[in-house]
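Reader: I'd like to go through this one by asking how each label is earned. Can you take me through the reasoning?

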Amino acid sequence: MTDPDRLTLFYSPQTRATGTRVLLEELGEPYDLHVLNMKTGEQRQSGYLAVNPLGKVPAIRRGDALVTEQVAITIYLADLFPQAGLAPSIDDPLRGPYLRWIAYYGSSFEPAVVDKFMQREPAPVAMSPYADYETMLSALEAQLAAGPYLLGDRLTAADMLWGIALDWTMNFGLVPKRDVFVRYAERIRTRPAFQRVTAADAELAAHHAAGTAG
Ligand SMILES: N[C@@H](CCC(=O)N[C@@H](CS)C(=O)NCC(=O)O)C(=O)O
């Protein structure tokens, strides 16, 4: 009989789903991987579009609950396994800032980085979800400056989201390699969970590129 609490992560290597897998590893909970080969366009076939109509990973299924969107998944998983201590509880003074910076990732950082990548001007400041690029980035830098983690001394699920995002966007030249960002990304990148997932991703990505089974 299948366990109704068993988690499935819809996954493709070296994508935004990587952060979700790192979080699951940090939580120490078992999960099944449903790997999609983006080289063959599996994410846009009807089977997966029934899971996420946008054809995007990550997505998580647990019983009948289907969750898409990296930000929602981060909050959901960290709350689901409170014993790991990666989610400040609702009465913790850090809960509000925790949610703020997770939402900031999806609502301000992501659109800013996409505009940057596309080399297009943001919408006028009053309309742009992130004001302007420098303002968005400086607010993040100021938050990270105290460190060592996004919320100070406490490591949370938000650090999985941000550490990996900054690591990748700095490597792509979309975010400048300022000291604060470099030191912070390094702190997350060197964690065993990140290292494990990165190694597994490299192997899986090589299989996808070569057209062999992973
Ligand atoms: N809004 C989504 C975006 C996810 C996303 O863009 N995923 C990319 C991988 S990094 C994807 O699945 N792309 C495949 C495609 O669009 O074909 C989220 O935050 O989860």
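Reader: What makes R44 and the ligand a polar contact?

Author: This is a predicted model, by the way. A polar side-chain atom of R44 sits 2.6 Å from an oxygen atom of the ligand. The cut-off for a pair of N or O atoms is 3.5 Å, so this pair counts as a polar contact.

Reader: And what about R16 and V57, how do you know that they qualify?

Author: By the same kind of check. For R16, a side-chain N or O atom is 3.1 Å from a ligand oxygen, and that is within 3.5 Å, so it passes. With V57 the polar atom belongs to the backbone, at 2.8 Å from an oxygen of the ligand.

Reader: How much of the ligand does the protein cover?

Author: On its own the ligand has 520 Å² of accessible area, and the protein covers 78% of that. The space the ligand takes is the largest pocket.

Reader: What makes K56 and E69 count as charged in the shell around the ligand?

Author: Both are among the residues around the ligand. Lys and Glu are on the charged list, along with Asp and Arg, so K56 and E69 go there. The whole shell splits into 3 nonpolar, 4 polar and 4 charged residues.

Reader: Which domains does the assignment give?

Author: Domain 1 covers 7-85 + 193-210, and domain 2 covers 95-191. Their C-alpha centres are 21 Å apart.

Terms used:
Residues are numbered from 1 along each chain as its sequence is written. This is a predicted model: local features need pLDDT of at least 70, side-chain atom pairs count only at pLDDT 80 or more; totals for chains, interfaces and linings use all residues. Side-chain values use heavy atoms; hydrogens and water are left out. A residue is near a molecule or strand if one of its heavy atoms lies within 4 Å of it. A polar contact is a pair of N or O atoms within 3.5 Å; within protein, one must be able to donate a hydrogen and the other to accept it, and residues adjacent in sequence count only if both atoms are side-chain atoms. Accessible areas come from the Shrake-Rupley method with a 1.4 Å probe; for residues, only the protein chains shown count as cover. On a 1 Å grid over the protein atoms alone, a cavity is a set of points where a 1.4 Å probe fits but cannot get out, and a pocket is an open set with protein on both sides within 12 Å along at least five of seven lines; lining residues have an atom within 4 Å of a point. A molecule sits in a cavity or pocket if more than half of its atoms lie within 2 Å of its grid points. Domain bounds come from an automatic or database domain assignment.
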